[in-house]
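Grab a coffee and work through these short exercises on charge pairs and cysteines. Try each task yourself before reading its solution.

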Amino acid sequence: MPAGLMIPARNMPSMISGNGNVGGFGTSSGLTLGQPNMMEGQLHPLEMTQNTSESEIARMRDEEFDSTTKSGSDNHEGASGDDQDPRPKKKRYHRHTQHQIHEMEAFFKECPHPDDKQRKELGRELGLEPLQVKFWFQNKRTQMKTQHERQENTQLRAENEKLRADNMRFREALSTASCPNCGGPTAVGQMSFDEHHLRLENARLREEIDRISAIAAKYVGKPVVNYPLLSSPMPPRPLDFGAQPGTGEMYGAGDLLRSISAPSEADKPMIIELAVAAMEELIRMAQMGEPLWMTSLDCTTSMLNEEEYIRTFPRGIGPKPTGFKCEASRETAVVIMNHINLVEILMDVHQWSTVFSGIVSKATTLDVLSTGVAGNYNGALQVMTAEFQVPSPLVPTRESYYVRYCKQHAEGTWAVVDVSLDNLRPSPTVRCRRRPSGCLIQEMPNGYSKVTWVEHVEVDDRGVHNLYKQLVSSGHAFGAKRWIATLDRQCERLASVMATNITTGDVGVITNQDGRKSMLKLAERMVISFCAGVSASTAHTWTTLSGTGADDVRVMTRKSVDDPGRPPGIVLSAATSFWLPVSPKRVFDFLRDENSRSEWDILSNGGVVQEMAHIANGRDTGNCVSLLRVNSANSSQSNMLILQESCADPTASFVIYAPVDIVAMNVVLNGGDPDYVALLPSGFAILPDGTPASAGGIGDAGSAGSLLTVAFQILVDSVPTAKLSLGSVATVNNLIACTVERIKASLSCENA
């Protein structure tokens, strides 16, 4: 072969560097044999023995070439000359100008993925080729992604360090652990960490119980089992309990929810251990079948076998107090809500009390022991107080002081549990104890969730009126069925708020998205205000006016000052509850129908009621928010509007309404802020009477009776400092009495 012959390097693309030279040799497009120093920059063949191999050098140069080209930061001119020349000439480069970079940065903020047309237009404006613009945007996106990943890595590294420190601390604790039975060392791995700590806590509590039992037997003469289980030794709190002179009894210092404050640091370890044990109990309660849960005779409900429960969970929060009754129930349903959103609602006290406004009259978070890990509620712990209600002044509310614990058990499976902390502050004012209660949430396809709710309480229900004893004892007033039915209905309501595919065929349907949201928000506030003002809450002072037996009318007064959601002045509330020999569904349909409204609504003066607009918020046709107009013969009331929400589920139904101002409602229908619309809601709460025939609930049209609560709120004086006159009280009393008589007469005629 002639010495000057060139061999094309078609099969050696990885050897070509950014300037056209062959990596390691410096030739242009071929490898010379036997002619060193043929071109400037050529290396001797013996230089191949250096540490960096030819392929590595070529790869590095290829990457440099790709980076330089794709970044768009260098612009080159094509080589001139004979196209057949195997030695391309060196390329010249120039940087993007500051103006070009600035313009592309600004465009990137608006549109990080420009299409071909946008790239061509941008390149024409900046004097660049579309390919250069494309490469610049690709490189910019890669740069932003790298920065984001770097930040995430920093955050994950910090969390990893924290977990590593916790792990080391736990290992040290396990290395010094001892067996509570024999006192010898325990082998790591024989039991879970939670189980190990529970065993240690149980051993400590057993010693504490024995010690207190000895003291109690010596000084009081009573065994300690008559008292709630106490926590670790600590100085007594004078505001929580003390010894009554002459006896060894413990007594409370006042109203439960008013006297309770955030837990002390000494209490927190016990609270955490109690929450962990409660979570394990809830999961087993939600998943176990017979013999723990026995099916009722009608095969519609599950009943807890108390003897089996005590055998399965022997410790818990102590024995059932004397005079208390056990209420335990379990229900399962599939609801239209993502499991993550459900957890957020349950762990946010404001959202939780809003969604369950018919059951929760008030709730407060006293302390947050843990906010969870990794940006979600997994491991969150909250100490709370709440008051649970039935919408009637004849049923006392149930106050509870408890810890709420949230935990993720598997991918798409969460659990939220409550358990009472009354043991920390023994008091005879406690009338309700929550054993581990809550729900197990499992992810389902298409944004649905399967919820299994367990409600397990011990309660002193002696204050319940005879009318409601059957309902309360059946578990339908405070039980799992009511919680799950309320959740199902509220999930449908929230889904209707987010709905965008609203049909425009029906007359009166509000299709404006902002108007729908504002009107539903206003109706939600109306329902919350009604429910909060109709129960026998500790915040209310009811006075019985007249009547005998169950038809007694309860009244109370409130002063409204500087509240944009209420008209200023003195508000008189009146409520009464009574039984009707008609099914709950028939009562609900009668009260929500605008065509029959004139039969019971005295304030409409016999005028014709017409529905102007409505929003459906559930699969049941009765679940909707309506705007009604009263065409009264009295010209002064011809422009009267009524906002009404009617809603029903298998355990309760409501028809709630309030007069509203026309100007204010126009603002709301156009998407305006509904918080400044003054409302005084009145309405009806309908419950099944608890008899076996009403086991089907509201939707059952059988022969079972109904428990109806009628409640009015009337502005009797627009001056908040005015004195309430007896005439105003008599007027409201007559109003509610006449309404009750009209309802009884109309439904009796229908039932005849």
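**Exercise 1.** Is E105 buried, partly exposed or exposed?

*Solution.* Keep in mind that this is a predicted model. Buried needs under 20% relative accessible area and exposed needs over 50%. E105 comes out at 26% relative accessibility, so partly exposed is the right call.

**Exercise 2.** Work out which side chain E105 meets in a salt bridge, and what the pair ties together.

*Solution.* Start with the partner: E105 meets K140, with N to O at 3.0 Å. Next, place the two: E105 sits in helix 2 (residues 98-110) and K140 in helix 4 (residues 130-175), so the bridge ties together parts 35 residues apart in sequence. Finally, check K140 itself: at 11% relative accessibility, K140 is buried.

**Exercise 3.** Find where D116 and R119 lie, and how they pair.

*Solution.* Both belong to helix 3 (residues 116-126), three residues apart, or about one turn of the helix. Their closest N and O atoms are 2.1 Å apart, and the two form a salt bridge. As for accessibility, D116 is partly exposed at 49%, while R119 is buried at 14%.

**Exercise 4.** Explain why C531 has no disulfide partner.

*Solution.* First, the cut-off: the two sulfur atoms must be within 2.5 Å. The closest cysteine sulfur to that of C531 belongs to C647, and at 7.8 Å it is too far for a bond. A search of the whole structure agrees, turning up zero disulfides. C531 is also buried, at 3% relative accessibility.

Notes: Residues numbered from 1 in each chain as written. Predicted model: local features only at pLDDT ≥ 70, side-chain atom pairs only at ≥ 80, totals over all residues. Heavy atoms only, no water. Buried < 20%, exposed > 50% of the residue type's maximum accessible area, 1.4 Å probe, protein only. Salt bridge = Lys/Arg side-chain N within 4 Å of Asp/Glu carboxyl O. Helix = DSSP H or I, 4+ residues; strand = E, 2+ residues; numbered from the N terminus.
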